[in-house]
Every structure is written in C-alpha cells, then in structure tokens.
Amino acid sequence: MSVDVCKALAYRFEPLMVTAERGMLAFFAQATGQPDPVYSNLDAARAAGHPDLPIPPSFYFSLELQRPDPLGWLTALGIDLRRVLHGEQSFTYHQIAHARDSLMLRSRVTEVAVKNGGALELLTKQTSVTRDGQPIAEAVTVIVVRHPEGRM
Amino acid sequence: MNALPPIEAGTELRPLTIDPISRANLALFAGASGDHNPIHIDLDAAQSAGFGDVFAPGMLSMAYLGRLLTSWVPQERLRSWRVRFAAVTPVHARPTCTGRVLSVTDGLAALELEVTLPDGTVTLTGDAVVDLT
C-alpha cells in the first residue's frame, strides 16, 4: 500500500519537551563504546568546560524516541514497520546542549518521494530542537518504505 | 577553544575500528538509544521481515562515526553532518569508520565519511562540516 502523501504532509506531531538525564547519556556512551569520559563522567565533562554531560552528536535522534509511541506516526500513515528502513540522517548544530537542559522538539513530514517506479517510498521528517526558544539543532530523517512486490 | 592539529585538504582522520557487534551490543544499544524496533534484537521479528538474522541499526554506526569526529575535534566544532545508510550491518560485523578532509574554506573543513566492513561493503557514506576557526 502506498503512503497517502497529503495525509503524511498534514500529520501533526505533538511538540515534545524532553530532558536528557545524565544516566541516559552515560548508558548511551557505554552502549556505543565511547571511551571519552567527557560523555559519561560529570567531573571530566566539567574539566573540559561543559556545565554538564554534553549530548553527543547523534543522540538527538534518540531524544525524539522519548515520544510516547515513537513510531506511531508511521503506523498512523498505514505503514508496516517491517517494511521500514532508515535511509538517511543528518544533523545541523547551533549550540551544544547538555544533560538536564529542557529541550523542545518540533517535527513535521516535509517530503514524500517515490523511487524505483514505486518499489521504494521515501519519507522525510524534519525536527527542530530549541532550548528556551533558542535554536540548538535540526535533525532530518529519511525513512525508506520497501514495497518488495515491486511496482504499485 | 583548544588548539587543533594541522588540518588541510587530504588530512585523514585516524580510522576507528569497532569490535565485532554482538547480540548483547544490539540489545544494549536498543535500550540506550530508545530504538526498540524488534528487527534489531529479536530473530523472529527479523525473519518475519525477510531478513536472515538481526542486524545493527544505522544509528549505531552513526554513533561510531560521531566518536570518530569527536575524538578528532571537540564536539562544539561540528557544524553539520549527514549520512546515507547504504547497506545493512549484520550482527557480528566489524565496522571501520574513516574520514578525510576534502577542502578547507573560510575556516570550515568539509569532510567525507565512510563506514566499511572487512569484506569491502560500504555501510554508510556521509559528509561533515567542521569549524576550524
């Protein structure tokens, strides 16, 4: 089943206020084999000039997943999660953010594209991250929906 | 900010090779990253989606690339980066992250990034902009 483009572009994500807890960032550092103590040890972070543990570059993707039912937008658009792959990801930064910062995430679907004669659909989701109204980062996710049966 | 090593077009970052990705690594990353998609941790779910086995999420490789970058320059110098997930990273794979400076213009270094497996498979390609000023 192909994605309803109008429905996708009109999909409303609730704004999400999130905080990265220190323990969460230390766990992420452990799970990614990060040996730099700046990302897991508060003293090391402060010695490097950070007010708290820095949020590592790709962790904004994980912040978005703190949304209740984080993949709900895909199922709401009728997409079978078993057909979904992560195609592309990008981040742009304005300021570094840290553990305990209150961050506001606002997301929207910006594009739906059909590739390979309908065998693939590409959904682009853009998320802005702000702290006290000031820009922190933007994240762009391209989700690939496979239609292995071929052309629609 | 701290002094940087000499950086110019052609500078290569010291490659980062990761130990083989175990099923335990995948389970830990699912918990730590918040991505609980079962195709990365549950063999039954992976097979029902047409995969022979579980495989690493692209964001795990992107996190390794992030380590490559932040071990090279302090994170606040990273302005932007982008990756394309080109191939699946199977469980037990041993990825290597590489980066190379393509150009330096007005204090901004443009890099190309890659994650490869020992058999030559390129799993991620990407680029980054790093502020050297």
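1. Two strands are taken to pair if DSSP finds at least two bridges between them. In this predicted model, strand E2 of chain A and strand E3 of chain B, the latter covering residues 78–85, run antiparallel and are joined by five bridges. Within this pairing across the two chains, A:Thr92 stands opposite B:Ser80, which belongs to E3(B).

2. The contact between the chains draws on 26 residues from chain A and 32 residues from chain B. On the side of chain A that touches chain B, the elements giving two or more residues are helix H2 (22–31), helix H4 (59–64) and strand E2 (84–93). Of these, E2(A) gives the most, with eight residues. By character, the residues on that side of chain A divide into twelve nonpolar, eleven polar and three charged.

3. The largest nonpolar core has 59 residues, and the members that touch the most others in it come from both chains, namely A:Leu25, A:Tyr60, B:Tyr64 and B:Leu65. Helix H3 of chain B, which spans residues 58–70, gives the most to this core, with eight residues. In soluble globular proteins, nonpolar side chains tend to be buried together.

4. For A:Leu25, once its neighbours within four places in sequence are left aside, the residues in contact are A:Ala20, A:Tyr39, A:Leu53, A:Ile55 and A:Ala99. Apart from the largest core lies another one, of nine residues, which includes A:Ile79, A:Val109, A:Leu123 and A:Ile143.

5. Helix H1 of chain B, residues 23–33, holds the buried residues B:Phe29, B:Ala30, B:Ala32 and B:Ser33. What do the buried residues of H1(B) pack against? Their partners are H2 and H4 of chain A, together with H3 of chain B, and H2 and H4 of chain A are also among the elements that give two or more residues to the side of chain A touching chain B. After H1(B) comes B:Gly34, which has a positive phi, near 80°.

6. A:Gly49 sits in the loop that lies between helix H3 (42–47) and H4 of chain A. Is A:Gly49 buried or exposed? A:Gly49 counts as exposed because it has 12 C-beta neighbours inside 10 Å, and the cut-off for that class is 12 or fewer. Between A:Gly49 and A:Val38 the separation is eleven residues in sequence, while the C-alpha to C-alpha distance is 9.7 Å.

Definitions and conventions:
Residues numbered from 1 in each chain as written. Chains lettered and ligands numbered in written order. Predicted model: local features only at pLDDT ≥ 70, side-chain atom pairs only at ≥ 80, totals over all residues. Contact = placed C-beta atoms within 7 Å. Helix = DSSP H or I, 4+ residues; strand = E, 2+ residues; numbered from the N terminus. Nonpolar A, V, L, I, M, F, W, Y, C, P; charged D, E, K, R; others polar. Core = buried A, V, L, I, M, F, W, Y, C linked by C-beta atoms within 7 Å. Buried ≥ 20, exposed ≤ 12 C-beta atoms within 10 Å, placed from the backbone.
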